Amino acid sequence: MADDVYSRAMTDQRPEAANASLHLTPTSILSRRAILRAGALTGGGLAAAALAACAPSGARPTFTFAPPAAALPAASPAAGPSASDDHGHDGSAAPGSPAPAGSAAPADHDAAAAAVVKRFLDGEGATLEGAGNQLLQPRLDGRAKVFELTIDKIQHRIDAVKEPIAALGYNGTWPAPRIDVVEGDTVRAIFTNRLDESTGVHFHGQRLPNNMDGVPHITQDPIEPGASFTYEFVARTRGSHMYHSHHNATDQVGRGLLGAFIVQPADPTERYDRKYGVSQDIVWISNDSLGGFTINGRGFPATSPIVATLGDTIAIRFMNEGSMMHPWHLHGMPMRVVARDGYPLAQPFLCDTLGVNPGERWDVIVACEEPGAWAFHCHILPHAEGRDGMFGMVTALVVQPAATAAATSGLALADVAVASGAGDPIRTAAAAAGSTAFECRIPGVG
Ligand SMILES: [Cu+2]
């Protein structure tokens, strides 16, 4: 069975973590201050910080591409790299996510890279308002689950430093609220258009009655400004799906009209908590237009880390609402791919890098077997890391030893550092991780 294959593969592929010894020397450890910062994530945060700082040493980094031209106008979501950037683009040229203009010279690379990681470890994402993917509770009307949504113009922050951008959101957020229903439910979704332009809403991946398909001029008239439209259907296609604009979509989806629509299997034993024992069910929507390279509407360092306890199993639902393929790469552990576009795979498989095309949804299960903070990013490098360090499509999977998790239970990430004196969870995590990554240092931090 697949489970046996998986178990064997996991056993075979594990690094010799059990035999690894901890290499902490006075020169290799971070300062107490830096450790506390890392501890804002977890005991394993140290590993992430160190990994992040593991640029090749020896020689100063050199850079192939010249600095980009001035940032593109924020109102051109479909624009590619600036035509005036005749050096070609380094990928950081998409508006929103690029490193700041007037960026650091190569000699400042280490300091810039460290500074951006510090912002991530300090929990920048949690300081921003308007979190997306919040579960939307329905109202019941007979057998129907009724969801009411507005379509709004919003100001949205990709991170805490860049100016907010003129974006769009369902119920005011990007991504939109997450809608969860059960296979067989009658869904009634009422959308009220508060934009200055018309729109239409498509439930992507659902098998729908034709007149509920949400494509203006094909199956319905556009939803005019000020008007409402009610989509009603039986959720018959289980799994990970999306809802998004299907009108002027390059602009409207690119500016944030997108969200997750999850249809849980009618058979409870097929749900991921029962089938795989997952303790977290994470929606991961990528986009690559107006806001640059984003995960759930934020660019690194304002992306949210995934925080798990050693031994946990988690589910991640990758959804691509952008216009490019993104290969998601998890450090430290494999991902078990179990479904594509909501359809369970007959043969789940293991990988550490999973390409997700525009419109696709891929569900993966991760057994959190390796303590530490593991980088988790798009592996098209110009979407993730440049001369000023990491940006855009980067986050971390933080696997806390149970002792750390217990010591910091209920605390906000930013408060974990304060609690780190309790049992020295940082040191505990370091010992448990036993990673050579601890030999890397963070220049300019601490
Ligand atoms: Cu990418």
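**Cis prolines, a mixed sheet and a shared core**

Proline 301 lies in the loop between strand E11 (294-295) and strand E12 (306-309). In this predicted model, the peptide bond that joins phenylalanine 300 to proline 301 is cis, with omega about 15°. A second cis bond runs from tryptophan 174 to proline 175, where omega is near -5°. Proline 175 sits in the loop between strand E3 (165-170) and E4. Such bonds stand out because most peptide bonds are trans.

The loop between E3 and E4 also holds asparagine 171. Asparagine 171 is not a glycine, yet its phi is positive, at about 55°. Its surroundings contain 18 other C-beta atoms within 10 Å, so asparagine 171 is partly exposed. Asparagine 133 likewise has a positive phi, near 65°, in a residue other than glycine. The loop that carries asparagine 133 connects H4 and strand E1 (139-141). Asparagine 133 counts as buried because it has 20 C-beta neighbours inside 10 Å. As a rule, most residues other than glycine have a negative phi.

The protein chain contains nine helices and 22 strands. Four of the strands form an open sheet, ordered E4-E9-E8-E6, with mixed pairing. Its edges are strand E4 (179-182) and strand E6 (201-204), each of which pairs on one side only. Neighbouring strands of the sheet are turned against each other by 20° on average, direction ignored. E6 and strand E8 (residues 239-245) run antiparallel and are joined by four bridges. Within this pairing, phenylalanine 203 has tyrosine 243 of E8 as its bridge partner.

Burial was examined next. Of the 446 residues in the protein chain, 49% count as buried. In soluble globular proteins, nonpolar side chains tend to be buried together. The largest nonpolar core here comprises 81 residues. Ala308, Ile314, Val366, Cys368, Leu397 and Val398 touch the most other members of this core. Helix H4 (residues 109-121) gives the most to the core, contributing seven residues. The core is shared between domains. At least three of its residues come from each of domain 1 (2-58 + 104-126 + 298-332 + 360-439) and domain 2 (139-275).

Contacts between residues distant in sequence were also counted. Among contacts in the protein chain with a separation of 6 or more, 76% involve residues 24 or more positions apart. Alanine 402, in helix H7 (residues 402-407), offers a local view. Alanine 402 touches Thr309 and Leu310, leaving aside residues up to four places away in sequence. Alanine 402 and threonine 309 are 93 residues apart in sequence, but their C-alpha atoms are 5.9 Å apart in space. Alanine 402 counts as partly exposed because it has 14 C-beta neighbours inside 10 Å.

Confidence varies along the model. The mean pLDDT of the protein chain is 75, and 66% of its residues reach 70 or more. Over residues 1-102 the pLDDT is below 50. Beyond near neighbours in sequence, this stretch has 211 contacts in the model. Residues 412-446 also have pLDDT below 50. For that stretch, 104 contacts beyond near neighbours in sequence are present in the model.

Terms used
Residues are numbered from 1 along each chain as its sequence is written. This is a predicted model: local features need pLDDT of at least 70, side-chain atom pairs count only at pLDDT 80 or more; totals for chains, interfaces and linings use all residues. Two strands pair if DSSP finds at least two bridges between them. Helices (H or I, at least four residues) and strands (E, at least two) are DSSP runs, numbered from the N terminus. Axes are lines fitted to C-alpha atoms, for helices over the stretch in contact, and angles run from 0 to 180 degrees between N-to-C directions. pLDDT is the predictor's confidence in each residue, from 0 to 100. Two residues are in contact if their C-beta atoms, placed from the backbone, lie within 7 Å. A nonpolar core is a set of buried Ala, Val, Leu, Ile, Met, Phe, Trp, Tyr and Cys residues joined through C-beta atoms within 7 Å. A residue is buried if 20 or more other C-beta atoms lie within 10 Å of its own, exposed if 12 or fewer, and partly exposed in between; C-beta atoms are placed from the backbone. Domain bounds come from an automatic or database domain assignment.
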